[in-house]
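Reader: I have the sequence and the structure before me and should like to be guided through them. Please begin with the terms that I shall need.

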Amino acid sequence: MAKYFGTNGARGKTDLFTPEFSSSLAAAFATWAGKGKILVGRDTRTTGEMVESAIVSGLLSAGSQPVLLGVVPSPTVEFETTKLGAAGAIVITASHNPPEWIGVKCIDSKGVSLSKERAEEVEKIMEAKKTTRAQWNEIKEISEYGQAASDHAQAIKKWVNAGKISKRKPKLVLDCGNGTACNIAPQLFAELGCEITTINSHPDGHFPGRNSEPTKENVADLMATVKKLGADAGIAWDGDGDRVIFIDERRGEFIIGDKSFALCVELALRKRKGAAVTTVATSNAIKDIATAHGCKLFYSKVGAPYISEKMIETKAVIGGEEVGGVIWPEFHYGKDGFTTAAKIVEAISEKPLSKWIASLPEYYNAKTKIALEEKEKTEVIEKLKKQLEKAGEKTTTIDGVRVDRGNAWCIIRPSGTEHYARIFAEAKTQKEADALLKEFEQKLTALKK
Ligand code: MG
């Protein structure tokens, strides 16, 4: 089991990310990735430069050539990895976590973030001290590349129908959350001809404006501003810009990630037929949309790296997950909050966001969690799996266990980091979703004893 890496990189605080640890991790990753350029990007956190210096030192010691991209979003680093032909990349970011958190995401040469299983290989190199160390005459020079955000923005501008957007001139409120979005979003949408108002738009690792995670509670200011200005949409990103959420024009309402992802699937499949990928914990709305377009939907485990791997395997044209992360493979295989935002802004240049959302399949959900000890987690879920199979239920065991009953379904998954199992139910009515949740809560509680 990976000790430091979870489903989306390694996370910790200053006690974990010491210069020694950061440098060893970088050198082990360089050994894993092989010789060549390794891109290094970071978010706006106060610890960024400290960790970056150690990482650069580790990369140099292993004979790699570090290319510093500076403060840029994670999707920008992923985009540049294939564009600049790098052997890999390291993003120093704790995503949406509070300011004291530090994180590192390792990216392979295809621009895919390393899953827990692949990161374990890097950890093994580090623990076994099998890192390659370069001789004095093999040490490379550090180079800097300051064009990454601009490259990414230019590519997005070419990809969307910029003419349609500039003609409609949508009125947008952008909430960059003092994160990396500050360095790309205002310029991108201004250049696309939108009328923009920004909030929390200066980079600041203390996150003075709002918490970094773009939840409904955290973007209250944005919702109020959209309403006050009568804007066409509000857009907010998390700290590293891979996640994005939207506020509609009608009453300044928060649109859950499930819905904006469903809209992206609709927009993508309209343009290009092909497979779609999502996690086993995502709404059936995605399945309905794919079916309506005559396209296949494939499921992956929960976590962006698994979606990316499945997308490569199935040559999918769109992928994503319910928290507001969408992957557009024509750019790269990471979740990208800027291509997603531009695509949706292009759509609202045609008709209002609330109308798009209202046209999507409607589902209701309910969720809860049950305390389970570490050992119990796998045992109880395994027992439930057997019980359901015996009862002839339709189950999927890609991640935890999912039961499908017509339009309704329920998933029970062990938490990766904490001592509980999550239960999530979805149905065509709230009553049905609540009942399904209750049924499985009771089943799990009974098995616990
Ligand atoms: Mg993130």
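Author: Helices (H or I, at least four residues) and strands (E, at least two) are DSSP runs, numbered from the N terminus. Residues are numbered from 1 along each chain as its sequence is written. The model is predicted: local features need pLDDT of at least 70 and side-chain atom pairs count only at pLDDT 80 or more, whereas totals for chains, interfaces and linings use all residues. With these terms, a backbone feature can be placed just after helix α11: a positive phi of about 55° belongs to Lys 315.

Reader: How many of the 11 residues of helix α11 are buried?

Author: A residue is buried if 20 or more other C-beta atoms, placed from the backbone, lie within 10 Å of its own, exposed if 12 or fewer, and partly exposed in between. In α11 (residues 304–314), the buried residues are Ala 304, Pro 305, Tyr 306, Ile 307, Ser 308, Glu 309, Lys 310 and Met 311. They pack against β13 (276–279), β14 (297–300), β15 (318–321) and β16 (325–327). The helix is largely enclosed by the rest of the structure, because its buried residues number 8 of the 11.

Reader: Which helix gives the most residues to the largest nonpolar core?

Author: A nonpolar core is a set of buried Ala, Val, Leu, Ile, Met, Phe, Trp, Tyr and Cys residues joined through C-beta atoms within 7 Å. The largest one has 135 residues, and Phe 29 and Ile 90 are among those with the most contacts inside it. With 8 residues, the helix that gives the most to this core is α1 (residues 19–33).

Reader: With which residues is Phe 29 in contact, leaving aside its neighbours within four places in sequence?

Author: Two residues are in contact if their C-beta atoms, placed from the backbone, lie within 7 Å. For Phe 29, with those neighbours set aside, the contacts are Gly 88, Ile 90, Cys 106 and Val 122.

Reader: Which strands are the edge strands of the open sheet of 5 strands?

Author: Strands pair if DSSP finds at least two bridges between them. The order of the sheet is β9-β8-β10-β11-β12, and the pairing is mixed. Pairing on one side only, the edge strands are β9 (195–199) and β12 (254–255).

Reader: Which residue stands opposite Ile 255 in β12?

Author: Strand β11 (residues 244–247) pairs with β12 in the antiparallel sense over 2 bridges. Opposite Ile 255 stands Phe 246.

Reader: How wide is the arc within which the buried residues of α14 fall?

Author: Helix α14 (residues 374–390) has 17 residues, and in it Lys 377, Val 380, Ile 381 and Leu 384 are buried. The arc is that of the directions from the helix axis to the C-beta atoms. Seen down that axis, the buried residues line one face of the helix, because they fall within an arc of 95°.

Reader: Which residues are exposed on the other side of α14?

Author: The buried residues of α14 pack against β19 (401–405), β20 (408–414), β21 (420–427) and α15 (430–448). On the other side, the exposed residues are Lys 375, Lys 386 and Lys 390.

Reader: Is Asn 178 buried or exposed?

Author: Asn 178 lies in the loop between β8 and α7 (185–191), and its phi is near 55°, a positive value in a residue other than glycine. Because 23 other C-beta atoms lie within 10 Å, Asn 178 is buried.

Methods:
The expected span of a helix is 1.5 Å times one less than its number of residues.
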